[in-house]
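Work through the exercises below with the model open. Try each task before reading its solution.

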Amino acid sequence: MDRRERLQVTGALRAGRARADAPSAPSRLLGKLVHTCERQTGRLAPWTRIRPDSSAMALHIRDFREADRAALIALWEACALTRPWNEPNADVDRAVASRDATILVGTVDDVVVASVMVGHDGHRGWIYYLAVSPDRKARGHGREMMAEAELWLKARGAPKVQLMVREGNETAAAFYTALGYERQDVTVLGKWLTPSPEAE
């Protein structure tokens, strides 16, 4: 296989990552054939299969389904992501209705344990509702969900992705910094276009 053909195969693999029901990046990698370079000989080594590590259970990541709604909102509430002025059902409805947004869910044994909402406003990508079930913390699931959200945006031509972290949430800020996100020299301003739930 020459270089051009290898690039075509690589491009096809990357494009396929954004499809619904695609397994997550680590789970794809664990069972996938990869081509390795034999540095000692300067020649390409034979195709090698990477064996899955049974001690690390990767997520199955797919698009949101209506049957996920109750579990998804319960996950957001368990992760303290919901606010009185952001009704979660309405947020789900808006994401589902938009052609430029989606909600990705991560499951283990068909149980929703992680999520991320991702959208493209025509200028840049935005990420919301990154959540990992409290009993699944420190397993790399947050990184998996972010990787899939970024792939979804790349597949749609978004040149940049942004997200908002609430003031004082240094744990979240440190997590995103570790993924290469940088603080932006901007101030976020907002205005309600409907009666403000905060005033109730």
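**Exercise 1: The sheet**

Strands β7 and β8 run antiparallel and are joined by 6 bridges. The model is a predicted one.

Task: Find the bridge partner of His120 in β8, then state the strand order of the open sheet and name its edge strands.

Solution.
- Step 1. His120 has Gly125 of β8 as its bridge partner.
- Step 2. Extend the view to the open sheet: its 5 strands follow the order β5-β6-β7-β8-β9, and the pairing is mixed.
- Step 3. β5 (60–63) and β9 each have a single partner strand, so they stand at the edges, and one side of each lacks a neighbour in the sheet.
- Step 4. Direction ignored, neighbouring strands of this sheet are turned against each other by 30 degrees on average.

**Exercise 2: Helices on the strands**

Task: Which strands does α4 lie across, and at what angle does α4 run to β6? Then do the contacts of α5.

Solution.
- Step 1. α4 lies across β6, β7 and β8. Its angle to β6 is about 110 degrees.
- Step 2. Helix α5 (residues 141–154) packs on the sheet and touches β5, β6, β7, β8 and β9. The direction of α5 makes about 35 degrees with that of β7.

**Exercise 3: The buried side of α3**

Task: Which residues of helix α3 (residues 69–78) are buried, and why are they on the same side?

Solution.
- Step 1. List the buried residues of α3: Arg69, Leu72, Ile73, Leu75 and Trp76.
- Step 2. Their arc around the axis is only 155 degrees, which puts them on the same side of α3.
- Step 3. Look for the cover. It includes α4 (88–97), β6 (101–108), β7 (111–120) and β8 (125–132).
- Step 4. Move just past α3: Ala80 has a positive phi of about 60 degrees.

**Exercise 4: Gln162 and Arg183**

Task: Is Gln162 buried or exposed? Is Arg183 buried or exposed? Find the side-chain polar contact of each.

Solution.
- Step 1. Place Gln162: it lies in strand β9 (residues 161–163).
- Step 2. The relative accessible area of Gln162 is 16%, and buried means under 20%, so Gln162 is buried.
- Step 3. The side chains of Gln162 and Arg124 are joined by a polar contact of 3.4 Å. Gln162 also touches other residues, including Trp126 and Gln184.
- Step 4. Place Arg183: it is in the segment after α6 (170–178).
- Step 5. The relative accessible area of Arg183 is 69%, and exposed means over 50%, so Arg183 is exposed.
- Step 6. The side chain of Arg183 makes a polar contact of 3.5 Å with that of Glu170.
- Step 7. Link the two: the C-alpha atoms of Arg183 and Gln162 are separated by 9.7 Å, at 21 residues apart along the chain.

Methods: Residues numbered from 1 in each chain as written. Predicted model: local features only at pLDDT ≥ 70, side-chain atom pairs only at ≥ 80, totals over all residues. Heavy atoms only, no water. Helix = DSSP H or I, 4+ residues; strand = E, 2+ residues; numbered from the N terminus. Buried < 20%, exposed > 50% of the residue type's maximum accessible area, 1.4 Å probe, protein only. Polar contact = N/O pair within 3.5 Å; in protein donor to acceptor, adjacent residues only side chain to side chain. Contact = heavy atoms within 4.5 Å. Arc of directions from axis to C-beta. Pairing = 2+ DSSP bridges. Axes fitted to C-alpha atoms, helices over the stretch in contact; angles between N-to-C directions. Lists of a residue's contacts leave out its neighbours within four places in sequence.
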